[in-house]
Structure formats: structure tokens, C-alpha cells
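Please look through the sequence and the model below before reading on. The paragraphs that follow go from a single pair of rings to the strands around it, and then to the chain as a whole.

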Amino acid sequence: WTFITATSTMAVARLADAASSNLTCNFQFPPNTTVVSSSRIIYIATSTGNLFMRTQTRFIKATTTLTEAVSDNSDSQTAVAGAGTNQSIASLAIPAGAFDLHTGANGDIIQFIILRAGADGSDTYNQPWDVVGVETTFR
């Protein structure tokens, strides 16, 4: 985690420009839920250029050891347009293909890994990508 300077003191995960970087967030399934119904990345908008990124998930059952319990699902790498340059809070939906194969129960963990390929020619964001967090809804 790093801090944005000058305009805010909000803690963010800064995914670098012109480099490969990633962010990992873990969520535990609440009682009486079995699936992730939606998830989105919350970030501070600083560019209208494209972010070249993908989302990967891992699912860990609470009832088995970590080495036995990990399943993996990935979204394809794609260019996504930035929301603007005014440093407002923006969001980006995580495609359901990154998490829709997982069915959980109370205590299970889903891990979201957000990967940015900032050095790729398709990434024209030309700014660090300041991620505030990941919002996940269970049902």
C-alpha cells in the first residue's frame, strides 16, 4: 500500500504504469451465502486511457488444507477505458467469468488477484492506477 500525495491522504494500492503489478484481496463467505453475485474494483480516476488488465480468482474451502483446496479461474486480459482525469472515485465491474464457477459456504475464502500489464502497448492509461479497494457482494 502506498499513499496518494497532494490531493488526498487516502490509502490506496498503486499499480504502476509501464510495469507489471498486481493486487490481491481476500474475502470470506458470510453465513447463509453460497456465491459471489458481483464484484467491482473501486479506484481513483486519473486518465481516460486504457488499462490493460485481467482478474484471477482462487477459491479456498475452509474445511480442507490450503494445498488441497485451491481452484483457479481467470478472466482474459483486456483493455478497459479509464473514467476520467478529475481524481473522482470510479468503479470497474469484474467480469463474472472471473468468479462464477465458485460455490462456497460460511468460512470459505475467495481471493481476487487484479493484474495490470502497464508496460503492454495496449495500456495507454499512462498513470499509476490507484485502487481504493474491491467491493464484493455475496448471495
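A residue counts as buried here when its relative accessible area is under 20%. By that criterion both F29 and F59 are buried in this predicted model, and these two residues make a convenient place to begin.

The structure holds five aromatic pairs. In one of them, F29 and F59 meet edge-to-face, with 5.8 Å from centre to centre and an angle of 90° between the planes. This pair links distant parts of the chain, since F29 lies in the loop between β3 (20-28) and β4 (36-44) whereas F59 belongs to strand β5 (residues 50-60), 30 residues apart. Elsewhere, ring pairs join F27, F99 and F112 into a cluster.

Which strand connects with both β3 and β5? Strand β9 is joined to β3 by nine bridges, the two strands running antiparallel, and eight bridges join β9 to β5, again in an antiparallel arrangement. Individual residues can be placed within these pairings: Q28 stands opposite I109 in β9, while F59, already met as the ring partner of F29, has I110 as its bridge partner in β9.

Why is strand β9 described as largely enclosed by the rest of the structure? Eight of the nine residues of β9 (residues 109-117) are buried, so the strand is largely enclosed. In a regular strand, side chains alternate between the two faces of the sheet.

The loop between β8 (89-93) and β9 contains G107, which is itself buried, with a relative accessible area of 14%. That value is under the 20% cut-off, and G107 is therefore classed as buried. Not counting residues up to four places away in sequence, G107 touches Q28, F29 and A62, so that its contacts include a member of the edge-to-face pair, F29. The C-alpha atoms of G107 and Q28 are separated by 5.7 Å, although these residues are 79 residues apart along the chain.

Turning to the chain as a whole, the protein chain has one helix and ten strands, and from the N terminus on its elements run β-β-β-β-β-α-β-β-β-β-β. Of the contacts with a separation of 6 or more, 81% are accounted for by residues 24 or more positions apart. Buried residues make up 44% of the 139 residues in the protein chain, and the accessible surface comes to about 7,000 Å², of which 50% belongs to carbon and sulfur atoms.

Definitions and conventions
Residues numbered from 1 in each chain as written. Predicted model: local features only at pLDDT ≥ 70, side-chain atom pairs only at ≥ 80, totals over all residues. Heavy atoms only, no water. Phe/Tyr/Trp six-rings, centres within 6.5 Å; stacked < 30°, edge-to-face > 60°. Helix = DSSP H or I, 4+ residues; strand = E, 2+ residues; numbered from the N terminus. Buried < 20%, exposed > 50% of the residue type's maximum accessible area, 1.4 Å probe, protein only. Pairing = 2+ DSSP bridges. Contact = heavy atoms within 4.5 Å. Areas by Shrake-Rupley, 256 points an atom, 1.4 Å probe, with all protein chains shown as cover.
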